Amino acid sequence: MTYVSESAVHNSVNKVSTALFQTAYKYGVKKAVFAMTPDKAHEATMTFGRDSGKIAPLMWLLREMIDYTDPILETNVMGVDFDNPFGLSAGLDKNCDLPTVLEAAGFGFETVGSTTARPSEGNPRPWFHRLPQYASMMVHVGLANDGSEKVIRRVEKAYTQSKTMRLSVSIARTNDNLTRDDAEGIEDYRISMERAANRSHMIEVNISCPNTRVGERFVDPTNLDKLFDVLDTVTHDQPVLVKMPQDKAWPEFRDLLDVLVEHKVDGVTIANLRKDRTGLDIPENWEGNLSGMPAGPASDDLVERTYRDYGDKLAIAGVGGVFTREQAYRKIRKGSSLVMFVSSLMYRGPQNITTLKRGLADLLRADGFNSVDEAVGIDVD
Ligand SMILES: Cc1cc2nc3c(=O)[nH]c(=O)nc-3n(C[C@H](O)[C@H](O)[C@H](O)COP(=O)(O)O)c2cc1C
């Protein structure tokens, strides 16, 4: 395989087409999308992504135009080989409709879900409010999805067929009016874990969805321990990540990590949506929690502290407020081996994956690194 970075012609085409995509998104697509309500825009985007993924020549063209490949970006984390460390974070592709498009665009991996044992309609609409002044979305979906039986069947298909992109599946507890006690919640996770076993490259256990009826029952050391006592019994050969909450003081966050390192957990995804609205002008009647730029600082801080104290035991996937190459690089230098995003895809467009990959490769080379791995945690004493 010839890397785009090593082919003068392909590299130039890639630069020009990325710039064209950027302009078309900023002045065309985004304007049209932002003219719709966020809930409508979400549906339209998903339909477009799903339908265009079925047009093979279009996917070939997309890959030829914007997929940037470079050996410096290749990395191995938790035993999984990645073409690059960038992934789509959970929440956009809940039902596994986008793997073809995301792979053609050059994502290193995607996180499908979160999906739950029972299908769920999630919370009443609206699910979203845009906050462009903060480069953020208020999210109140509440884990709507087709149920893990169907979703993981699709994940397995994508996992089997994908050539370059890795598949992670995020599992969570069903958010509906059939939820009962914690034992029922644990069984809900266990069912999805069984379904996910050996049918994806990674599993992410989402304990921190802030938008559900029962609340975050497993963001508590005792309950978390009970949950993983059961999940540990499910036989599988994929690495397991845990999606961590964002609004926790370090001592409480550390208590959760102390539990996780005693179980079959290989990494942590830091972090979920931000709940704290301090300093932000948001209508009080808007339900939901914050993605994007406001989710960045606390995530960076928790990544750094986790790497300092648990870097030898847990791999870190950093997520929250990654829009630019500098923000991605900072997450890596603070200890993230993988970097994920959702909001910048919506605000900047699909070519942002290319901008981030090329930008990261440039920053790594400028600092004399030969790989992503060499830069992981470099800023942490
Ligand atoms: C539309 C939307 C839906 C989300 N749904 C989920 C979800 O189902 N499971 C989950 O673990 N995180 C979910 N998240 C949180 C994201 O995975 C991510 O942690 C958060 O948005 C911060 O990343 P960002 O700043 O790149 O958006 C969702 C985020 C958005 C924007």
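An open sheet of 3 strands runs in the order β5-β6-β11, and its pairing is antiparallel. Strands here are DSSP runs of E with at least two residues, helices are runs of H or I with at least four residues, and both are numbered from the N terminus. Two strands pair if DSSP finds at least two bridges between them. The edge strands of this open sheet are β5 (128-131) and β11 (289-290), each of which pairs on one side only. The structure is a predicted model, in which local features need pLDDT of at least 70 and side-chain atom pairs count only at pLDDT 80 or more, while totals for chains, interfaces and linings use all residues. Residues are numbered from 1 along each chain as its sequence is written.

Within the open sheet, β6 and β11 run antiparallel and are joined by 2 bridges. Met 138 has Leu 290 in β11 as its bridge partner. Helix α2 (residues 38-52) packs on this sheet and touches β5 and β6. Contact between two residues means that their C-beta atoms, placed from the backbone, lie within 7 Å. The direction of α2 makes about 100° with that of β5. Such angles run from 0 to 180 degrees between N-to-C directions, and axes are lines fitted to C-alpha atoms, for helices over the stretch in contact.

A second sheet is a barrel. Here 8 strands close in the order β3-β4-β7-β8-β9-β10-β12-β13, with parallel pairing. On average, neighbouring strands of this sheet are turned by 25° against each other, direction ignored. One pair in the barrel is β4 with strand β7 (residues 166-171), which pair in the parallel sense over 5 bridges. In that pairing, Ser 168 of β7 is the bridge partner of Thr 111.

The helices may be followed from α6 to α9. Helix α6 (residues 182-196) packs against helix α7 (residues 221-231) at an angle of about 40°, and their axes are 9 Å apart. The two helices are therefore oblique to each other; angles under 35 degrees count as roughly parallel, over 145 as roughly antiparallel, 65 to 115 as roughly perpendicular and the rest as oblique. Asp 182, Ile 186, Tyr 189, Arg 190 and Met 193 of α6 make the contact with Asn 223, Lys 226, Leu 227, Val 230 and Leu 231 of α7. By class, this contact of α6 with α7 has 6 nonpolar, 1 polar and 3 charged residues. In this classification Ala, Val, Leu, Ile, Met, Phe, Trp, Tyr, Cys and Pro count as nonpolar, Asp, Glu, Lys and Arg as charged, and the others, Gly among them, as polar.

Helix α7 also meets helix α8 (residues 250-260): their axes come within 9 Å and cross at roughly 25°. That angle makes α7 roughly parallel to α8. On the α7 side the residues are Pro 221, Leu 224 and Asp 225, which meet Asp 255, Leu 256 and Val 259 in α8. The contact of α7 with α8 divides into 4 nonpolar, no polar and 2 charged residues.

Helix α8 packs in turn with helix α9 (residues 296-310), at an angle of about 50° and with the axes 11 Å apart. These two helices, α8 and α9, are therefore oblique to each other. Trp 250, Phe 253, Arg 254 and Leu 257 in α8 meet Leu 302, Arg 305, Thr 306, Asp 309 and Tyr 310 in α9. The residues of this contact of α8 with α9 comprise 5 nonpolar, 1 polar and 3 charged.

The loops hold some backbone features. The peptide bond from Arg 125 to Pro 126 is cis, with omega near 0°, and Pro 126 is found in the loop between β4 and β5. Ile 270 and Ala 271 are likewise joined by a cis peptide bond, with omega about 10°; Ala 271 is found in the loop between β10 (267-270) and β11. In the loop between β5 and β6 is Ala 135, which has a positive phi of about 50° although it is not a glycine.

The ligand remains to be described. It is surrounded by 27 residues, of which the closest are Ser 89, Ala 90, Gly 91, Ser 291 and Ser 343. A residue is near a molecule if its C-beta atom, placed from the backbone, lies within 6 Å of it. The elements that give two or more residues to this shell are β4 (109-115), β6 (136-139) and α11 (343-348). By class, the shell around the ligand has 13 nonpolar, 13 polar and 1 charged residues.
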